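User: Please take a close look at one part of this model, the second chain, and set it in the context of the chain it touches. I would like a connected account rather than a list.

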Amino acid sequence: MKMQKKRYVLKFPPQSGDQPFSYHLVKDFDIRINILRAEVWPGKTGSLVLELEGTTTNLKNGIAYLQENQVSCEPLNKKITWDHVRCISCGNCTAVCFAGALQMDPVKWELQFDPEKCIVCELCVPACPLNLFKIDFRE
Amino acid sequence: MGIQKTYEEINEKIRRGEAVVLTAEEVSQMALTASPEEIAERVDVVTTATFGAMCSSGAIVNFGHANPPIRMEKIRLNGVPAYEGLAAVDTYIGATACDPENPKYGGAHVIQDLVDGKNIELEAWGKGTDCYPRKHIKTIINKETVNEMILFNPRNAYQNYPVAVNSTSQMKYTYMGNLLPNMRNATYSTSGELSPLLNDPEMKTIGIGTRIFLGGTQGFVVWPGTQFNTSKPKNEFGVPVGNSATLAVMGNLKEMSSEFLQAAYYEKYGVSLFVGIGIPIPVLNADIAKCVSIRNEQIETTVCDYGVEGSPALGRVTYAELRSGEIEVQGKKIRTAPVSSLSKARKIAEILKQSILDGEFEISKPVQMFPKNTSLKSLKEIKGGEQS
């Protein structure tokens, strides 16, 4: 079976804090989980950025399981926007992007953004002198 | 004695459409196989450029007189304070000016909005005089309503600049970008072998009166820039290894474009202005040909610790190393990132090259050369500020 690796932003309703979702994703759906970022406050909403690795079927079923339990699950790349039209390719964002998602093309010296590598650390947001990054993470 | 060309001979060629023009990057490549003498024979003009944040920038604006007139003694443009000590309706809006209540919108943003033709709210106050009876005005101005708007930048186009690192355990927020703790990144600013003053380190062709590309139009070098320093140590290729000479430049802001003049805000630092500058260097002789042939591996700069007071030097690296993505400082490998735009600088060098080829841009002999043997003074703190 072909394995897939995808990143998702999960949002939890306040009442879901006591449920072991990640345990079920691993145990029931054989999904490998890499937690990239977590913000959980008991009694309030929480959010989680996960890299999920598994077969297409297992990933589909695992996500369906989360959604059945009122946990929203959206692909990460939909949550990050970069206004590339206004970008001047100064490179300030690449200085703080240790995940390597933002890099300068070594030939053209234009900014390249690879959403697959982004771990939503958000350091690029204040680092951009033109304020061109918008990350819709907390909503 | 090799070839020696005059400014007028090169301009004649430009007018006839026969001038050979290369960018500084192209001539550096050519120099791998051609001697300075051959380059001086074959090339007439080399274009250099930079597009970086230059804080010491600003604009002179004349609003025109209202009826009844006002002697503006306090001025706000979109809430940003502008200088009030220039006659009745002249002002200077500095790029870094801002209202502390709204620190992310400053003078640079006002300048960019003016360039873009946007409406700006002007509010001004005066005490009221016999000839200027009015005490307050609140109105809208833009590019079309003002008499003049002139970009006048006292210090631009630094000849070389240090690399910034941060050895402390805290993030440092600087004009060189956000510096990660424990020297996890290093930022650098100039366009290296494309940078104007690195291609004419002795300033043999650049001086007062040099016609340049400024912010999308033709402007001029009007004076040595502030903090003009020719005493920095130089490396074996004659290039200063830290920030040294600077330029004061001027041009008609009404003709400029925000493609080459871009407002910026740095987190926990403040506002600045990215300025696009391109300078043509006439290849008058083999000596100048040698200067413009300089390559990134021959240009060195100093790595400074911006986390520590006084920014002590930690080492020296070349622009070739900086561009490779990693430098080594005191045995530690550090990831590098630029903070000025090389792609924009290249675009400016190409535009300038094309306008020279098209006969639209002629080179100019400086009316006066820059001073030599200048150094920097620091600000002494004199007790009580009183004369003894």
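Analyst: What follows is an account of chain B, from its overall form to its core, its strand pairing and some local backbone features, and then of its contact with chain A. The model is a predicted one, and local features are described only where pLDDT is at least 70.

The secondary structure of chain B comprises seven helices and 22 strands. Its radius of gyration is 22 Å, close to the 21 Å that the globule rule gives for 388 residues, so chain B is as compact as a globular protein of that length. Taken along the principal axes, the C-alpha atoms of chain B fill a box of roughly 70 × 60 × 45 Å. Of its 388 residues, 47% count as buried, and among the contacts in chain B between residues at least 6 apart in sequence, 72% join residues at least 24 apart.

The domain assignment divides chain B into domain 1, made up of the segments 7–54, 155–211, 219–249 and 275–357, and domain 2, which covers 64–146. The C-alpha centres of domain 1 of chain B and domain 2 of chain B are 36 Å apart.

The largest nonpolar core has 144 residues, and those with the most contacts inside it are I111(B), V165(B), L273(B) and V283(B). Strand 18 of chain B, residues 270–282, gives the most to this core, with seven residues. For V283(B), once its neighbours within four places in sequence are left aside, the contacts include I39(B), A40(B), V43(B), V45(B) and V46(B), together with D44(B). On the other side of the numbering, V283(B) is also in contact with I288(B), A289(B) and V292(B).

The pairing of strand 3 of chain B can be followed in two directions. Five bridges join strand 3 (residues 58–62) to strand 6 (residues 90–94) of chain B, and these two strands run antiparallel; within strand 6, D90(B) is the bridge partner of N62(B). Strand 3 of chain B also pairs in the antiparallel sense with strand 9 (residues 148–156) of chain B, over four bridges, and there M149(B) is the bridge partner of V61(B).

Some loops of chain B deserve a separate look. Most residues other than glycine have a negative phi, and most peptide bonds are trans. Against that background, the peptide bond from N67(B) to P68(B) is cis, with omega near -5°, and P68(B) is found in the loop between strand 3 and strand 4 (74–77) of chain B. A157(B) has a positive phi of about 55° although it is not a glycine; its place is in the loop between strand 9 and strand 10 (163–165) of chain B. With 28 other C-beta atoms within 10 Å, A157(B) is buried.

G307(B) lies in another loop, between strand 19 (300–305) and strand 20 (313–318) of chain B. G307(B) counts as buried because 21 other C-beta atoms lie within 10 Å, the threshold for burial being 20 or more. Not counting residues up to four places away in sequence, G307(B) touches N166(B), S167(B), T168(B), K172(B) and L179(B). The C-alpha atoms of G307(B) and S169(B) are separated by 9.0 Å, although the two residues are 138 residues apart along the chain.

Turning to the contact between the chains, 21 residues of chain B are in contact with 19 residues of chain A. On the side of chain B that touches chain A, the elements giving two or more residues are strand 12 (177–179), strand 13 (185–188), strand 17 (261–266), strand 22 (332–338) and helix 7 (342–357) of chain B. Strand 17 of chain B gives the most, with four residues. By residue class, this side of chain B divides into 10 nonpolar, eight polar and three charged.

Chain A, for its part, has four helices and eight strands, and buried residues make up 29% of its 139 residues. Chain A is divided into domain 1 (3–77) and domain 2 (81–135), whose C-alpha centres lie 26 Å apart. Five residues of domain 1 of chain A are in contact with four residues of domain 2 of chain A. A positive phi occurs in chain A too: S89(A), which is not a glycine, has a phi of about 55°, and S89(A) sits in the loop between strand 5 (80–82) and helix 3 (92–96) of chain A.

How values were computed. Residues are numbered from 1 along each chain as its sequence is written. Chains are lettered from A and ligands numbered from 1 in the order in which they are written. This is a predicted model: local features need pLDDT of at least 70, side-chain atom pairs count only at pLDDT 80 or more; totals for chains, interfaces and linings use all residues. A nonpolar core is a set of buried Ala, Val, Leu, Ile, Met, Phe, Trp, Tyr and Cys residues joined through C-beta atoms within 7 Å. A residue is buried if 20 or more other C-beta atoms lie within 10 Å of its own, exposed if 12 or fewer, and partly exposed in between; C-beta atoms are placed from the backbone. Two residues are in contact if their C-beta atoms, placed from the backbone, lie within 7 Å. Domain bounds come from an automatic or database domain assignment. Ala, Val, Leu, Ile, Met, Phe, Trp, Tyr, Cys and Pro count as nonpolar, Asp, Glu, Lys and Arg as charged, and the others, Gly among them, as polar. The radius of gyration is taken over C-alpha atoms; the globule rule is 2.2 Å times the number of residues to the power 0.38. Two strands pair if DSSP finds at least two bridges between them.
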